[in-house]
Amino acid sequence: MTKAKYKRIVLKLSGEALSGEKGFGIDENTITRISNEIKKLNDIGVEVAIVVGGGNFWRGRSSKGMDRTTSDYMGMLGTVINALALQDALEEIGVITRVQTAIEMRQIAEPYIRRRAIRHLEKGRVVIFAAGSGNPYFTTDTAAALRAAEIEANVMLLAKKGVDGVYDSDPKLNISAKKFDNLKYIDVLNLGLGVMDSTATSLCMDNKIPLIVFGIDSPDNIIDVVLGKKIGTVIKE
Ligand code: UDP
């Protein structure tokens, strides 16, 4: 049997990662491909918790005139749409899942209950956390760091679309941008590297959660990262 490097992971999937080439909404082929990778992890006994973003529908901070809190709640609802799409794609291929939302919506998902989430993971179910942290002014990256700390995940995986790790400058604008293999959280903050927002970065740093930032465009990257292959950028305390 293939041996995974990590027992329990939190995989952060941005909304964009689920939108494929369209860049907006949901691309069913992309979700199916990602679900097949998650199934492989589930098959080898890795406990997989997923935090989904919502930027493929709405980002609270993008609104010009709207009340920020209202705008953020709209963003959180977008993450729930993504969570249900991912749940459907996973169950279609035989992976048992539970969606837990940080804002109660009992008719469609369980409310977030830490102990229950851990129990699901122990039973081999994939848990999808939706609605971020349930609070405005936060991001789903911060929610992923929070859930990783709460469920004592061994690692947080930040799957990015269009980039394969952390660079010293934007590789799309600067062809000589240098990719980091390893970084410390304090350097991410001091150098102002655009990995995650500073709240998410500090939460990972303070709670000693290792983070791997990698590209989701190449097939099998998720499984390769969990098997311990050197892909992307590893960030530690
Ligand atoms: N959001 C929020 N609180 C949270 C998580 C998310 O208010 O704890 C809102 C916020 O408006 C954010 C949107 O949900 O812009 C979508 O989340 P995010 O931007 O993190 O999604 P991603 O960029 O990962 O797709």
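This is a tour of a predicted model, moving from the sheet to the helices, the ligand and the annotated sites.

**The sheet**

Start with the strands. Nine of them make up an open sheet of mixed pairing, in the order 4-3-5-2-1-6-10-11-9. Its edges are strand 4 (110–111) and strand 9 (182–184), each of which pairs on one side only.

Next select strand 2 and strand 5. The two run parallel and are joined by three bridges. To find the register, pick Ala49, which stands opposite Val127 in strand 5.

Add helix 1 to the selection. Helix 1 lies across strand 1, strand 2 and strand 5, and runs at about 150° to strand 2.

**Helix 2**

Select residues 68–92, which are helix 2. How far apart are its end C-alpha atoms? They are 37 Å apart; at 1.5 Å a residue, the 25 residues should span 36 Å, so the two values agree.

Now colour the helix by burial. Its buried residues are Asp72, Gly75, Met76, Gly78, Thr79, Val80, Asn82, Ala83, Leu86, Gln87, Ala89 and Leu90. What do these buried residues pack against? Their partners are helix 1 (28–43), strand 2 (47–52), strand 3 (97–101), strand 5 (126–130) and helix 4 (140–150).

Step past the end of the helix to Gly94. Just after helix 2, this glycine takes a positive phi of about 90°.

**The ligand**

Select the shell around the ligand. It holds 23 residues, and the closest are Gly53, Gly55, Gly60, Gly75 and Gly132. Which element gives the largest share of this shell? Helix 2 does, with five residues. Helix 4 is also represented: helix 2 and helix 4 each supply at least two residues. Gly75 thus appears twice on this tour, as a buried residue of helix 2 and among the closest residues to the ligand.

**First annotated group**

The unreviewed UniProt entry marks a "binding site" at Gly54, Asp72, Ser133, Gly134, Asn135, Pro136, Tyr137, Phe138, Thr139 and Thr140. Select these residues together. They are spread over 87 residues of sequence yet cluster in space, with a largest C-alpha distance of 14.1 Å.

Zoom in on Gly54, in the loop between strand 2 and helix 2. Gly54 is buried, with 28 other C-beta atoms within 10 Å. Beyond its sequence neighbours up to four places away, Gly54 touches Gly15, Gly75, Met76, Gly78, Thr79, Asn82 and Thr140. Of these, Gly75, Met76, Gly78, Thr79 and Asn82 are among the buried residues of helix 2.

Then go to Ser133, in the loop between strand 5 and helix 4. Is Ser133 buried or exposed? It is buried, because 22 other C-beta atoms lie within 10 Å and the cut-off is 20 or more. Leaving out residues up to four places away in sequence, Ser133 touches Ala102, Phe138, Thr142, Ala143 and Leu146.

**Ala143**

Follow that contact to Ala143, in helix 4. Ala143 is buried, with 28 other C-beta atoms within 10 Å. Apart from neighbours within four places in sequence, its contacts are Val51, Phe129, Gly132, Ser133 and Phe138. One of these, Gly132, is among the closest residues to the ligand. Draw a distance from Ala143 to Leu203 as well: these two are 60 residues apart along the chain, and their C-alpha atoms are separated by 9.8 Å.

**Second annotated group**

A further "binding site" annotation in the unreviewed UniProt entry covers Lys12, Leu13, Ser14, Gly15, Gly55, Arg59, Tyr167 and Asp170. These positions span 159 residues of sequence and are also spread in space, up to 24.1 Å between C-alpha atoms.

Select Leu13, in strand 1 (residues 8–13). Leu13 is buried, with 28 other C-beta atoms within 10 Å. Not counting residues up to four places away in sequence, Leu13 touches Leu18, Ile34, Ile50, Val52, Gly53 and Ala159.

End at Tyr167, in strand 7 (residues 166–167). Tyr167 is partly exposed, with 18 other C-beta atoms within 10 Å. Setting aside neighbours within four places in sequence, Tyr167 is in contact with Ala177, Lys178 and Lys179.

Technical notes
Residues numbered from 1 in each chain as written. Predicted model: local features only at pLDDT ≥ 70, side-chain atom pairs only at ≥ 80, totals over all residues. Helix = DSSP H or I, 4+ residues; strand = E, 2+ residues; numbered from the N terminus. Expected span 1.5 Å × (residues − 1). Buried ≥ 20, exposed ≤ 12 C-beta atoms within 10 Å, placed from the backbone. Contact = placed C-beta atoms within 7 Å. UniProt positions renumbered as here; feature names shortened; annotations may be inferred. Pairing = 2+ DSSP bridges. Axes fitted to C-alpha atoms, helices over the stretch in contact; angles between N-to-C directions. Near = placed C-beta within 6 Å.
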